[in-house]
Amino acid sequence: MQYDLIVIGSGPAGYVAAIRAGQTGLKTLVIDRKYVGGMCLNWGCIPTKSLLESAKMMRKVRQAGDFGISGIDPEALSFDWQKALQRTNGVVSKLSRGIEFLWKKHGVEYLKAEAKIISANQVQADNRIFETKNILIATGSKTREAKISLRLPLNWKSYTPWRNYRRIPCSMDGEQTWWNWRSSLP
Ligand SMILES: Cc1cc2nc3c(=O)[nH]c(=O)nc-3n(C[C@H](O)[C@H](O)[C@H](O)COP(=O)(O)OP(=O)(O)OC[C@H]3O[C@@H](n4cnc5c(N)ncnc54)[C@H](O)[C@@H]3O)c2cc1C
């Protein structure tokens, strides 16, 4: 199968380029080894903002009395981390489906696989070789461990494990304390 463009990586760089390529009539294939939407949609921008909204909502409800709203007992409020995570996962999957919809609409094909460039016009993935006129490398970046010793008992090596936390990873009203983060680790 001959493509005009193979995009490796479906993060913001890759998926937008693929949509545009499809719109202009290029026969396009996107290959990503993980999730549609890359870091931004699955771990970074989107889920963190969704969780921030949960934190903001908690604070607002807690302060409702100051705004003239009665009947809410701030002491009775509690935070359901699993529920916030569930909502976040819902937002992520909705947006992810949105990207796939746009790809389909513009004739862009998608393959979930590790891609390897084997020549200027060939990409290997899923035990197949795809011929293409152009290749767009949109594979993002990797975390680099800071060479500083802060003696913090946190996992700074990676930002991705947070979606596995069983409990709330830090105070949602802004008071971050290392001990309650630590106790939430899986
Ligand atoms: C916690 C956090 C919060 C953030 N918040 C914001 C924010 O609010 N606003 C903002 O603008 N930015 C934010 N960012 C940054 C943003 O996520 C990145 O700038 C953005 O994701 C980069 O997009 P990208 O397409 O270049 O790469 P990525 O999103 O990293 O996508 C690269 C994709 O390539 C795939 N890939 C890599 N190698 C291969 C291969 N060999 N074969 C197949 N697939 C491969 C990966 O699986 C991945 O899906 C945040 C980042 C983090 C970590």
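I began with the sheet: six strands in an open sheet, in the order β3-β2-β1-β6-β5-β4, with mixed pairing. The edge strands are β3 (109-112) and β4 (115-119). Each of these has a single partner strand, so one side of each is left without a neighbour in the sheet. I also looked up the twist: neighbouring strands are turned by 40° against each other on average, direction ignored. I note here that the model is predicted.

**Strand pairs, parallel part**

I took β1 next, which covers residues 2-8. How many bridges join β1 to β2? I found four, and the two strands run parallel. For a landmark in this pair I noted Ile8, whose bridge partner in β2 is Ile31. Then I turned to β1 and β6. They run parallel as well, joined by six bridges. Here I marked Val7, with Leu136 as its bridge partner in β6.

**Strand pairs, antiparallel part**

I moved on to β5 and β6. They pair in the antiparallel sense over four bridges. Gln124 has Ile129 of β6 as its bridge partner. The hairpin of β5 and β6 has two residues between the strands. I checked the backbone there and noted Asp126, which takes a positive phi near 55°.

Strand β5 (residues 122-125) also pairs with β4, antiparallel, over four bridges. In this pair I saw Ala115 opposite Ala125 of β5. β4 and β5 form a hairpin too, with two residues between them.

**Helix α1 on the sheet**

Which strands does α1 lie across? I listed β1, β2 and β6 (128-137). I noted the direction as well: α1 runs at about 165° to β2.

**Helix α1 against α4**

I then looked up how α1 sits against α4. Their axes come within 9 Å and cross at roughly 25°. The two helices are therefore roughly parallel to each other. I recorded the crossing of α1 past α4 as left-handed. From α1, the residues in contact are Tyr15, Ala18, Ile19 and Gly22. They meet Ile99, Leu102 and Trp103 in α4. By class I wrote down six nonpolar residues, one polar and no charged for this contact.

**Helix α3 against α4**

What angle do the axes of α3 and α4 make where they cross? I read roughly 140° for helix α3 (residues 45-62) and helix α4 (residues 81-105), with the axes coming within 9 Å. That makes α3 oblique to α4. I recorded a right-handed crossing for α3 past α4. On the α3 side I listed Ile46, Pro47, Ser50, Leu51 and Ser54. On the α4 side they meet Ala84, Arg87, Thr88, Val91, Val92 and Leu95. The classes in this contact are seven nonpolar, three polar and one charged.

So I have two entries for α4: the contact with α1 holds no charged residue, whereas the contact with α3 holds one.

**Around the ligand**

I finished with the ligand. How many residues surround it? I noted 24. The closest are Gly9, Gly11, Gly38, Gly44 and Gly140. I then asked which elements give two or more residues to the shell. They are α1 (12-23), β2 (28-32), α2 (38-42) and α3. By class, I have eleven nonpolar, nine polar and four charged residues in the shell around the ligand.

To tie the entries together, I went back to α1. It gives two or more residues to the ligand shell, lies across β1, β2 and β6, and meets α4 through Tyr15, Ala18, Ile19 and Gly22. I did likewise for α3: it also gives two or more residues to the shell, and it passes α4 in a right-handed crossing.

Conventions
Residues numbered from 1 in each chain as written. Predicted model: local features only at pLDDT ≥ 70, side-chain atom pairs only at ≥ 80, totals over all residues. Axes fitted to C-alpha atoms, helices over the stretch in contact; angles between N-to-C directions. Parallel < 35°, antiparallel > 145°, perpendicular 65-115°, else oblique. Left-handed = near helix turned anticlockwise from the far one by under 90°. Contact = placed C-beta atoms within 7 Å. Nonpolar A, V, L, I, M, F, W, Y, C, P; charged D, E, K, R; others polar. Near = placed C-beta within 6 Å. Pairing = 2+ DSSP bridges.
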